[in-house]
Amino acid sequence: MKLLSKIGVSLGIGVVMFGMAAPALAVPTIITGQNVLQEEVVRDDMYVVGDTVTVNNRVQGDLIVIGGNVIVNAAVTGDLWLVGGSAVVNGAVGDDIRMMGGTLNVNGNVADDVMAVGGEFTIADGATIRGSVWSVAGEMSLYGQINEELTSWLGKGRIDGLVGGDAEIHISEGLSFGNNGKIGESLRYWAPREDPTLVNYAKNVEFNQAVDPNASTRGLIALLTIAGLTAVLWKWLSFLLLGSIIIWLLPKYFPQIIDTMKAQKNTAMYIWNGLLVMIVAPVLAMLFAITVVGIPVASVIFLAYGLLIVFGAIAGAYGIGSYLRQHSHKNQWDQFWNLGLGVLIGIILAYVPIIGWLLQAVVVLYGVGAVLSAKKKLLSEYQK
C-alpha cells in the first residue's frame with residue numbers, strides 16, 4: 001500500500017504539471033503492468049502505465065495513458081492524454097485529446113480539440129473533431145472533418161477531408177489535397193516553394209516563403225520555432241514525470257548512482273558497458289525468440305532492455321544536472337532540481353548541429369553503464 005500510495009502521489013505531481021489535475025474529491029483508478037486490458041466500466045479518472053494498453057470499456061472521466069502501444073476502443077467522457085509509441089483511438093472522446101508519441105490514429109469523434117506531437121498523425125474518414133487541431137508531426141493525413149481551425153508544423157501533409165475554419169500550415173516537404181479536401185475559410189502556408197494549385201481548395205490562400213536552412217543550422221533554427229519549443233517542453237515534462245516517480249519511490253536511487261560515478265571516475269568504462277549491453281541484449285533476446293520455449297524469456301529481456309534505456313537516459317541526464325549543481329542531492333527537492341536541469345540540457349543536445357544525436361547517445365550509454373555499476377546498491381534499496 002505504501003508503494004501504491006507513492007505511485008499515486010508522484011503521478012499526481014506529473015498530472016498537475018500537465019494541467020490534468022482531477023477534482024479534489026475524485027479517487028482515480030491507477031493501473032500498471034506490462035499488458036493492460038481494461039474490460040470494466042471506470043466511473044472516474046483512470047491512469048494507466050504499461051507496455052501494451054487496451055481499453056475496451058467506458059471511462060467516465062479523464063484517461064491518462066503512458067504506454068508503448070495504446071488502443072482505446074471505448075468512449076472517454078473527459079480528456080484523453082496519451083504518451084507512447086503508437087495510439088489508436090476508436091472510441092468517442094468527450095473533451096480534448098493530447099498526444100505525444102510516435103503515431104496517432106483518430107477514428108472516433110472528439111468533442112473538443114486535439115493536440116498531437118509525434119511522427120505520424122491521421123484523422124480517419126468518418127471522424128469529426130468538433131474543435132480545433134494543433135499538431136507537430138513528420139506526416140499528417142486528414143480524411144475526416146475538423147470543425148474549427150487547423151494549425152500544423154509538418155514534414156508532409158495530405159488533406160482529403162474538411163477543415164471548417166482557417167488553416168495555418170508550416171510544411172517542409174509537400175502539401176497535397178484529395179478530391180474531398182477543402183478549407184472552409186483561409187489557408188496560410190509556409191513552404192520552400194509556392195504551389196499555385198492550392199487556390200482551388202480555400203477561399204483565400206496566402207503563401208509565405210519558408211526558411212530552408214542548411215544542415216549546419218537546421219537544428220538550432222528548429223529549436224527556436226514555436227513548434228521546437230513546444231516539443232522540448234513536452235519531452236521535458238514527460239521525462240521529468242518519469243524521473244519524479246523514481247525519486248519518490250527510491251529517494252536514494254540517483255544519489256547512489258552519482259556516488260558510484262564519483263568513486264570509480266571511469267567515464268569510458270561506463271560508456272563501454274552501456275554500449276555492450278545495448279548490443280548484446282537484443283541479440284540475446286532474438287536467440288531466445290527463435291524457439292517457442294524461449295519466447296517468454298525474450299519478452300522479459302526486451303522489456304528489461306526498454307526499461308534500462310529509459311532509466312539510463314534519466315540517470316545520465318540527472319548526472320549532468322548533479323555535476324552542474326556540484327553534486328547537490330541532500331534531499332528530494334535537490335534531486336528534482338538536478339533532474340529538471342539535466343533533462344533540459346539532454347533534450348537540447350539533440351539540436352546541436354551535426355553531432356547532436358551522438359551527444360545524446362553518449363549521455364544514454366553513460367547512464368546505462370552507471371546504472372549497471374550501481375545495481376547492487378539499487379537492488380538493496382528497492383528491497384527496503
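In which strand is T54 found? I looked this up first and found T54 in strand 2, which spans residues 46–55; strands here are DSSP runs of E with at least two residues and helices are runs of H or I with at least four, both numbered from the N terminus. I am working on a predicted model, where local features need pLDDT of at least 70, side-chain atom pairs count only at pLDDT 80 or more, and totals for chains, interfaces and linings use all residues. Residues are numbered from 1 along each chain as its sequence is written, and side-chain values use heavy atoms, with hydrogens and water left out.

I then checked the burial of T54: its relative accessible area is 16%, so it counts as buried (under 20%, against over 50% for exposed and partly exposed in between, with a 1.4 Å probe and protein chains only). Setting aside neighbours within four places in sequence, I noted contacts (heavy atoms within 4.5 Å) from T54 to V36, L37, Q38, I71 and N73.

Next I turned to the helices. The axes of helix 6 (residues 295–324) and helix 7 (residues 332–348) come within 7 Å and cross at roughly 110°, the axes being lines fitted to C-alpha atoms over the stretch in contact, with angles from 0 to 180 degrees between N-to-C directions. I therefore recorded the two helices as roughly perpendicular, a label that covers 65 to 115 degrees. Among the residues that meet are I314 and Y318 of helix 6 and L339 and I345 of helix 7.

For the whole protein, I noted 9 helices and 15 strands, with buried residues making up 45% of the 384 residues.

Conventions. Parallel < 35°, antiparallel > 145°, perpendicular 65-115°, else oblique.
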